[in-house]
Every structure is written in C-alpha cells, then in structure tokens.
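The exercises below are meant to be worked with the sequence and the model open side by side. Each task sentence is followed by a solution that proceeds step by step.

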Amino acid sequence: MSFEQRGRMPLDYQPVALPGSVLRFRGPMAIGQGPSVVCIGGSETFGRFIHAPFPSQLADALPLPVQNLGVINAGLDVMASDPAIGAALEAADAVVIQVTSVHNMTNRFYSVHPRRNDRFLKASPMLRTIYPQVDFTEFHFTRHLLKHLSTTSQDRFEIVKTELQSAWVGRMHKIIAGIAAPVHLLWLSNRAPDEAESADLSIDPLFVTSDMLRKVADRAASLTITTPDEEEQGVTARGKFFGPREEAAARLLPGPNLHDRAAQALLTHLSPP
C-alpha cells in the first residue's frame with residue numbers, strides 16, 4: 001500500500017484528559033509522579049497527521065516518561081495558562097518547547113480564544129484606529145485576519161507585525177523564566193528561520209526570525225533547528241495520515257522524516273550522560 005493511499009486513513013489520536021484542563025492531549029500518555037520530559041507546542045508537537053511524532057520517539061528512547069502536551073493550533077497563550085500544562089512544567093526534569101507562530105496569541109492589537117488560539121475574538125481600539133475601513137466581524141481566524149490586513153496596507157501591517165514579534169519575544173522570555181527545568185527549544189518547520197514567508201502566510205512559525213530565536217535561545221539550554229533538506233523541499237502529504245478533506249492542511253506540516261531528525265537531535269541534549 002502506497003504512502004498516498006495510507007494517507008487517506010485518519011489517525012486515532014487517543015485523546016487524553018488531564019486534571020484541571022478542558023483540553024484533550026494526544027495519547028497514550030504516561031501520567032505519574034516523578035521526573036519527566038515535557039514537550040509543549042502546537043500542531044507539530046501534537047503530531048497531527050503523524051504516526052510517530054518526535055515526543056513519541058523520545059519516549060521510546062529515553063529512560064524518563066515523556067509527556068506530549070502539544071495542542072493543535074496552539075500559541076503561547078495555551079502554554080502559559082493551561083493548568084495541566086503548568087503542573088507538568090513544574091514537575092518536569094526537562095522541557096522541550098516547540099517554536100510557535102507569533103499570531104496565535106493575545107496582544108495589543110487583538111485577542112484570541114484562550115484555548116483555541118487560532119480563533120480571533122476581538123480587535124482592540126488601537127487596531128481599529130489603524131484600520132478604520134476594516135469590518136473585523138468578518139474574521140474568525142487569526143491567519144485570515146492577518147492576510148487581509150497585509151493586503152489592505154502593507155505599511156500599516158508592518159506596525160502590527162512588529163508588535164506581534166515584540167510581544168512573542170517578551171512572552172517567550174517569561175515562559176522560559178518560569179520553568180525551573182532546562183528548556184530545549186525546537187524549530188520544526190518546512191521553512192528555515194531566514195527563509196522568506198510564503199505569500200499566503202501558510203507556513204508556521206509565522207513571522208519568527210533568526211534574530212528573535214537568538215534572543216530567546218540565550219535563556220534556553222539548547223536550540224534545535226529542523227528543516228527540510230534539498231531532497232525534501234516543497235510541502236508534501238507523503239507519509240502522513242489524514243481524512244479526505246484534510247490533505248491541504250496535511251501538506252503544510254512537517255513530515256515523518258523531519259520528526260525523525262528532530263527526535264535524534266533532541267536526544268543529544270536529553271539523553272543522560
């Protein structure tokens with residue numbers, strides 16, 4: 001059976017509920033007391049469309065339990081505010097934070113849903129002043145909003161973009177500072193940090209630059225960059241598992257080869273001496 005045929009079969013993510021949280025995390029999950037490696041992030045950490053995402057591979061290779069607390073479409077708001085994630089981070093022996101986009105978090109220009117961070121809730125008076133001609137009731141998702149703002153006025157959009165980037169760096173510093181365990185940052189993406197954004201703003205982590213990474217990496221134990229090599233260039237659905245209407249979304253996310261490489265690179269930092 002070919003990869004493309006296998007891709008038509010959606011995965012059973014075996015959702016797990018944790019005390020204090022309304023979110024559903026990917027199972028199975030080793031839940032218990034004592035040291036563990038906690039992985040937080042978005043769709044990439046969750047392993048959407050991937051049979052064995054990097055947290056699962058870490059769990060197979062490490063002597064410590066590994067908790068995959070990635071959340072589909074999550075931004076920094078979920079990572080910083082969910083009670084179950086907070087409790088896991090407090091008890092962690094090591095933490096892997098996947099680098100997520102700047103747009104899925106509440107900022108001075110707009111607010112997002114506290115759990116579904118890709119959902120746009122409300123524009124601030126400041127954003128309404130900058131874009132008086134925009135009807136913000138038309139938007140339900142942050143990426144759709146930013147595409148429209150960029151098209152409407154690139155000059156004004158640069159103001160929004162700069163604010164989002166600044167807020168992201170500040171929020172990352174705060175999250176890392178609040179974690180007692182060593183923090184290992186992971187860039188897992190179909191584009192490199194210095195590569196230009198896609199025209200349709202579809203490839204995450206959106207608007208995160210290498211300069212921003214350097215600023216937050218100074219406070220972390222390590223930074224792992226995992227991007228496609230020359231043979232893997234171009235988004236693809238190969239090796240992924242998805243339903244009939246999910247192919248477009250599946251093509252945008254890193255494939256199993258990138259998850260394999262991310263796990264191997266992280267093991268060099270997480271494996272006991």
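**Exercise 1. The surroundings of L146**

Which residues does L146 touch, not counting residues up to four places away in sequence?

*Solution.* Keep in mind from the start that this is a predicted model.
- Step 1: Locate the residue, which is found in helix α7.
- Step 2: List its contacts under the stated exclusion, which are H103, Y110, F157, V160, L164, L201, L206 and F207.
- Step 3: Check the accessibility of L146, which is 0% in relative terms, so that L146 counts as buried, the limit being under 20%.
- Step 4: Place L146 in its wider setting: along with I97 and W168, L146 touches the most other members of the largest nonpolar core, which has 60 residues.

**Exercise 2. The nonpolar cores and helix α8**

Determine which helix gives the most to the largest nonpolar core, and then examine that helix.

*Solution.*
- Step 1: In soluble globular proteins, nonpolar side chains tend to be buried together.
- Step 2: The largest nonpolar core comprises 60 residues, and helix α8 (residues 154-177) makes the greatest contribution to this core, with nine residues.
- Step 3: Apart from this core lies another one, of 16 residues, which includes V37, F54, L62 and A263.
- Step 4: Going along α8, one finds buried residues that include F157, V160, L164, W168, M172 and I176, and E163, Q165 and H173 are also among the buried residues of this helix.
- Step 5: As for its length, α8 has 24 residues and reaches 34 Å from its first C-alpha to its last, close to the 34 Å expected at 1.5 Å a residue.

**Exercise 3. Salt bridges within and between elements**

For the salt bridges K215 to D211, E247 to R251 and D229 to R261, work out how the partners are placed in the chain.

*Solution.*
- Step 1: A search of the whole structure finds eight salt bridges, and three of these pairs are treated here, beginning with K215 and D211, whose side chains meet at 3.6 Å, N to O.
- Step 2: Because K215 and D211 are four residues apart in helix α9 (residues 210-217), about one helical turn separates them.
- Step 3: Both partners are partly exposed, K215 with a relative accessible area of 42% and D211 with one of 35%.
- Step 4: The side chains of D229 and R261 form a salt bridge at 3.9 Å, N to O; since D229 lies in the loop between β7 (222-226) and α10 (247-252), whereas R261 is in helix α11 (residues 256-270), this pair ties together parts that are 32 residues apart in sequence.
- Step 5: D229 counts as partly exposed at 35% relative accessibility, and R261 likewise counts as partly exposed, at 30%.
- Step 6: E247 and R251 meet in a salt bridge at 2.8 Å, N to O, and, being four residues apart in helix α10, they are separated by about one helical turn.
- Step 7: Finally, salt bridges that share partners join D211, R214 and K215 into one network.

**Exercise 4. The largest pocket**

How many residues line the largest pocket, and which of them are the closest to its centre?

*Solution.*
- Step 1: Rolling a probe the size of a water molecule over the atoms shows where empty space is left.
- Step 2: The volume of the largest pocket is about 660 Å³.
- Step 3: The lining is made of 32 residues, of which R48, N73, D118, R143 and D204 are the closest to the centre.
- Step 4: Helices α2 (43-46), α7 (142-152) and α10 each supply at least two residues of this lining, and the largest share, four residues, comes from α7.

**Exercise 5. Backbone geometry**

Where do the cis peptide bonds before P28 and P205 lie, and what is the phi of F49 and of F207?

*Solution.*
- Step 1: Most residues other than glycine have a negative phi, and most peptide bonds are trans.
- Step 2: The peptide bond from G27 to P28 is cis, with omega near -10°, and P28 lies in the loop between α1 (3-6) and β1 (37-40).
- Step 3: A cis peptide bond also joins D204 and P205, with omega about 0°, and P205 is placed in the loop between β6 (183-188) and α9.
- Step 4: F49, in the loop between α2 and α3 (54-61), has a positive phi near 75°, and F49 is buried, with a relative accessible area of 1%.
- Step 5: F207, in the loop between β6 and α9, has a positive phi near 65°, and F207 counts as buried at 3% relative accessibility.

Technical notes
Residues numbered from 1 in each chain as written. Predicted model: local features only at pLDDT ≥ 70, side-chain atom pairs only at ≥ 80, totals over all residues. Heavy atoms only, no water. Salt bridge = Lys/Arg side-chain N within 4 Å of Asp/Glu carboxyl O. Buried < 20%, exposed > 50% of the residue type's maximum accessible area, 1.4 Å probe, protein only. Core = buried A, V, L, I, M, F, W, Y, C linked by side-chain atoms within 4.5 Å. Expected span 1.5 Å × (residues − 1). 1 Å grid on protein atoms, 1.4 Å probe; cavity = no way out; pocket = protein on both sides within 12 Å on 5 of 7 lines; lining within 4 Å. Points joined across faces, edges and corners; volume = space filled by probe spheres on them. Contact = heavy atoms within 4.5 Å.
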